[in-house]
Amino acid sequence: MIFSSPFRKTLLLCALLCLGGAQAQDTTAAPPLPPAAVAAPAVTLPDLLTWLRAAPGWQAADYAYRASELQLQAARIRAGLSVSAGGTLAAAKIPWDSGEWVNSSSVNVTVSASVLPWSPAREALRSAERSHQAAATELRRTRADLTVQLVRAYAGAGQAAAALSLARAQRELAGQVFAAAQAQRSAGVIPTEALLERQTALQNAEAGQAQAERGVTLAVNQLRRLLNRDVTLPNTPTTSAPLTFRVSDLNEAGLIARALNTRPEVARAAVSVQDAQASLRAAELDARLPDLNASGQFGEIGSSDSASGKRVSGSFNLKTGVASAQATFPLSDTSKLPTGAVLSLSATLPLLGRTQGNTLEQARLGLQQASLALENARQSVTLDVRTHLSEYLDEQGAQVALQTGVTRAQTVLEATRARQGAGTATPLDVRQAELGLAQAQNALQAAQDRLAVAALTLMQASGDLDPWLLAALPALSPTPVSPVPVSPAPGGRP
């Protein structure tokens, strides 16, 4: 927590006023202010990132990806060769008034396959493959989002603990200034207004400490929400090195190109375009091809199905692209039946109520809408990358000034200590300078953490963030996810 400029000026004014009454103050050196430190959670960042793999959000993403895999496997099974076995038990009486009941039973084996590329089963398989690719990019996006959220929460928890440490130091210094002011007022050195001014500064410091304590509680709760488990901060701040995630390649064109190939928004929009293309092709075939079915059978063929013997049959439908074959084996003696063949060809053409034209036009409009959505997704991703790149460069540029601020605060502290040795500065002046150095150091480390978060956010925007393979993070055994190619333009075939 960094206090506002008016509040710091008030404390500095109090310390300067105390110079005039140095004889009324305790000249015993105050205990040194602890150096500025960012308090880290009781566990390390790799520990937190390991726990993240068991968090509900991470597991939900894994389950969604697994469901997509199962759907793809089911589509492959449906598009492959299908073999089934069955049986028939029949009884016939022909003619009814004078005939006798004739019983027959048989077993049959049926084989079918989608042999044409436009068959519904094959198209469903291609659609499932596209959906699986989109699910892979969505899995990576969710993991990246959770990783960035956790790193941001971790940095926030450290800054909250550091702010609390500084607030306590500020409260202690304000208390010492107020105590000195009370002594000065008792000696008649300062007026009542000056005493009230120091009392106001103390009350503001107390309020700032309470606010910092609430900030720590909030930061811990944010970590608990992400991890779904208890996370505690240490009672005393511990020095923690700033986060060191950085982006080495800041070429805007390269970042945008990688983002367009990996971002889930673009992948989902590309899948929608490919689905729309498939729907258009299906509508064109439906409008162009008749419902043509060819079938045939050969074997012992009687006058009725109940009297049929051993035979094989097959059928093929042009519109659905499905071919099937069946072999039937009777369980009774059918050797007296004649052997023959039956061939048939049937076609259906709609005369009234033909809707293929409307369906075809709807498919064309759907493709246009999907193409516009893909272009919009590309533009959105491009703007997002440029925005995060600008934020990263802004944070990077702020580092130099903050480092200079730390150097200035160190110089002020050294000069104040020298003036204390010469008798021209009080211990309160030294405490104020120490507090200024602590605030400058904390501001620098907070900026370094913001730069690290901005780096992760930029890598996420460009598709470069692979959260389970980052060198600084723990090794994992993730769900294997292959790269997802994205069609560059909506006009080609999937």
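The exercises below work through the sheet and surface of a predicted model.

**Exercise 1. State how many helices and strands the protein has, and how much of the protein counts as buried.**

Solution. Start with the secondary structure, which comes to nine helices and six strands. Next take burial: 40% of the 494 residues count as buried. Then turn to the accessible surface, which is about 25,800 Å², with 57% of that area belonging to carbon and sulfur atoms. Last come the contacts between residues at least 6 apart in sequence, of which 81% join residues at least 24 apart.

**Exercise 2. Give the order of the strands in the sheet and identify the edge strands.**

Solution. The six strands form an open sheet, and reading across it gives E1-E2-E5-E4-E3-E6. The pairing is antiparallel. Strand E1 (82-93) and strand E6 (339-348) each pair on one side only, which makes them the edge strands. From one strand to the next, the twist averages 15°.

**Exercise 3. Trace the pairings from E2 through E5 and E4 to E3, with the number of bridges in each.**

Solution. Strands of a sheet pair through backbone hydrogen bonds. Step one: E2 and strand E5 (residues 322-330) run antiparallel and are joined by nine bridges. Within this pairing, Ser 114 has Val 322 in E5 as its bridge partner. Step two: E5 and E4 are antiparallel as well, with seven bridges, and Gly 314 stands opposite Ala 325 in E5. E4 and E5 form a hairpin with four residues between them. In its turn, Gly 321 has a positive phi of about 70°. Step three: strand E4 (residues 311-317) pairs with strand E3 (residues 291-300) over seven bridges, again antiparallel. Here Ser 295 has Ser 315 in E4 as its bridge partner.

**Exercise 4. Decide whether Ser 114 is buried or exposed, and list its contacts beyond four places in sequence.**

Solution. Ser 114 belongs to strand E2. Its relative accessible area is 9%. Buried means under 20%, so Ser 114 is buried. Leaving aside neighbours within four places in sequence, Ser 114 is in contact with Ala 79, Ser 119, Ala 121, Arg 122, Gly 321 and Val 322. Of these, Val 322 is the bridge partner named in Exercise 3, and Gly 321 is in the hairpin turn.

**Exercise 5. Classify Val 109 by its accessible area and name the nonpolar surface patch it helps to make.**

Solution. Val 109 lies in strand E2 (residues 101-114). With a relative accessible area of 36%, Val 109 is partly exposed. Together with Leu 81, Val 83, Val 107, Phe 329 and Leu 331, Val 109 makes a nonpolar surface patch of about 570 Å².

Key:
Residues numbered from 1 in each chain as written. Predicted model: local features only at pLDDT ≥ 70, side-chain atom pairs only at ≥ 80, totals over all residues. Heavy atoms only, no water. Pairing = 2+ DSSP bridges. Helix = DSSP H or I, 4+ residues; strand = E, 2+ residues; numbered from the N terminus. Axes fitted to C-alpha atoms, helices over the stretch in contact; angles between N-to-C directions. Patch = residues over 30% accessible without salt bridge, like charges linked within 9 Å, V, L, I, M, F, W, Y side chains within 5 Å. Areas by Shrake-Rupley, 256 points an atom, 1.4 Å probe, with all protein chains shown as cover. Salt bridge = Lys/Arg side-chain N within 4 Å of Asp/Glu carboxyl O. Buried < 20%, exposed > 50% of the residue type's maximum accessible area, 1.4 Å probe, protein only. Contact = heavy atoms within 4.5 Å.
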